[in-house]
Amino acid sequence: TVILLFGYSLASFNTTDLSPEFSIIDAAKQKEFGEFTVKVKTGLYLKNFTKFDILNNQFVFDALLWFEYHSNEIMLENIGKFSVDNGKVINKSPPDIRVFDDVVVATYDIRIDCKANLDFEKFPFEDHKLSIVITNNAVTPYEMFFIVDNTTFNVAPDLNISNWKIKSLNTDSGYFAPAVDTKSADKGSSYPKAIFTVNVQK
C-alpha cells in the first residue's frame, strides 16, 4: 500500500499552492466592456532559470514576452507599461518590433525576479506551481485585455531545473476587480492580467 501511494504521488500532480486572484472575461463581460475594447494576444517564452529556489521562494528567470496587436488600436507606449505581480522586472530590453500588414508583434527580452504562492502542507510529497502574472496598470479592461492560450506559452527545450521537472504549462487571462463591484469602480481601478503557470514536480 505504501509503495502504491508513493507511486501515485509521483505520477499525479499534487499541489495546495494558491492560484492568483483574477476575474475571468466571459462573453457577458466582453459585451459590457464594449466592441471597441482592444484584444492583445500575449505570449511568453521561458529561456532559463538563473535561480529556482522553492524553499526560499525565489525565482529568477530570463524570458521573451511578446504582444500582438493592430497598430491602429493601441500605442506601443501603453503596451510596454507592463509589470509583474509578486515580483519585479530586473531587466527589460527595448522592444523588437515586427510588422505584418497592420499587425504588430512587440517582443521584450526580460529578466524577472518573483515569488510564488507556495504551500508546504504535504511536504515532502507536494508539487508546486509558479504563476507569472503580467499586469498592465496603464489601461483598464474597458480599453484593452489580454488574449492567451496554451500555445502562447513555451519553454526552451534545454531548460533545466535542478531536482524538479516541468509537468505542464497553463495560461489564463482576465482582470483585477476592485472590492466594490460597481461599474464606475471597475473603470477606475481594474486592469488586465495575463497568467502563465509552470507546474513542477520533484
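Here's a quick briefing on the fold, the strand pairing, the nonpolar cores and the largest pocket of this chain. Keep in mind that the model is predicted. The protein chain has 4 helices and 12 strands, and 42% of its 202 residues count as buried. Among contacts with a separation of 6 or more, 73% link residues 24 or more positions apart.

**Strand E12 and its partners**

- Start with strand E12, which spans residues 191-201. Most of this strand is covered, with 10 of its 11 residues buried.
- On one pairing, E12 runs antiparallel to strand E8 (residues 128-136), and 8 bridges join the two. If you want a landmark here, look for Thr-135, which sits opposite Lys-193 of E12.
- E12 also pairs with strand E11 (residues 165-176), again in the antiparallel sense, this time over 11 bridges. In that pairing, Tyr-175 faces Pro-192 of E12.

**Nonpolar cores**

- The largest nonpolar core takes in 41 residues. Three phenylalanines, Phe-49, Phe-59 and Phe-67, have the most contacts inside this core.
- Plenty of strands chip in: E2 (38-53), E3 (58-70), E4 (82-84), E7 (103-114), E8, E9 (144-147) and E12 each supply at least two residues of this core.
- Phe-59 is worth a click. Leaving aside residues up to four places away in sequence, Phe-59 touches Phe-49, Lys-51, Phe-52, Asp-53 and Ile-54, along with Ile-112, Asp-113, Cys-114, Lys-115, Ala-116, Leu-118 and Leu-130.
- Apart from the largest core lies another one, of 5 residues, including Ile-25, Tyr-142, Phe-145 and Tyr-175. You've met Tyr-175 already, as the residue opposite Pro-192 in E12.

**The largest pocket**

- The largest pocket holds about 170 Å³ of space, and 16 residues line it.
- To find its centre, go to Pro-20, Glu-21, Asp-85, Asn-86 and Val-133, the lining residues that lie nearest to it.
- E8 and E12 are the elements that give two or more residues to the lining. E8 provides the largest share, with 4 residues.
- As for chemistry, the lining is a mix: 7 residues are nonpolar, 4 are polar and 5 are charged.

**Where the topics meet**

- E8 and E12 keep turning up: they are joined by 8 bridges, each supplies at least two residues of the largest core, and both give two or more residues to the lining of the largest pocket.

Methods:
Residues are numbered from 1 along each chain as its sequence is written. This is a predicted model: local features need pLDDT of at least 70, side-chain atom pairs count only at pLDDT 80 or more; totals for chains, interfaces and linings use all residues. Side-chain values use heavy atoms; hydrogens and water are left out. Buried means under 20% relative accessible area, exposed over 50%, partly exposed in between (1.4 Å probe, protein chains only). Two strands pair if DSSP finds at least two bridges between them. A nonpolar core is a set of buried Ala, Val, Leu, Ile, Met, Phe, Trp, Tyr and Cys residues joined through side-chain atoms within 4.5 Å. Contact means heavy atoms within 4.5 Å. On a 1 Å grid over the protein atoms alone, a cavity is a set of points where a 1.4 Å probe fits but cannot get out, and a pocket is an open set with protein on both sides within 12 Å along at least five of seven lines; lining residues have an atom within 4 Å of a point. Grid points are joined across faces, edges and corners, and a volume is the space filled by probe spheres set on the points. Ala, Val, Leu, Ile, Met, Phe, Trp, Tyr, Cys and Pro count as nonpolar, Asp, Glu, Lys and Arg as charged, and the others, Gly among them, as polar.
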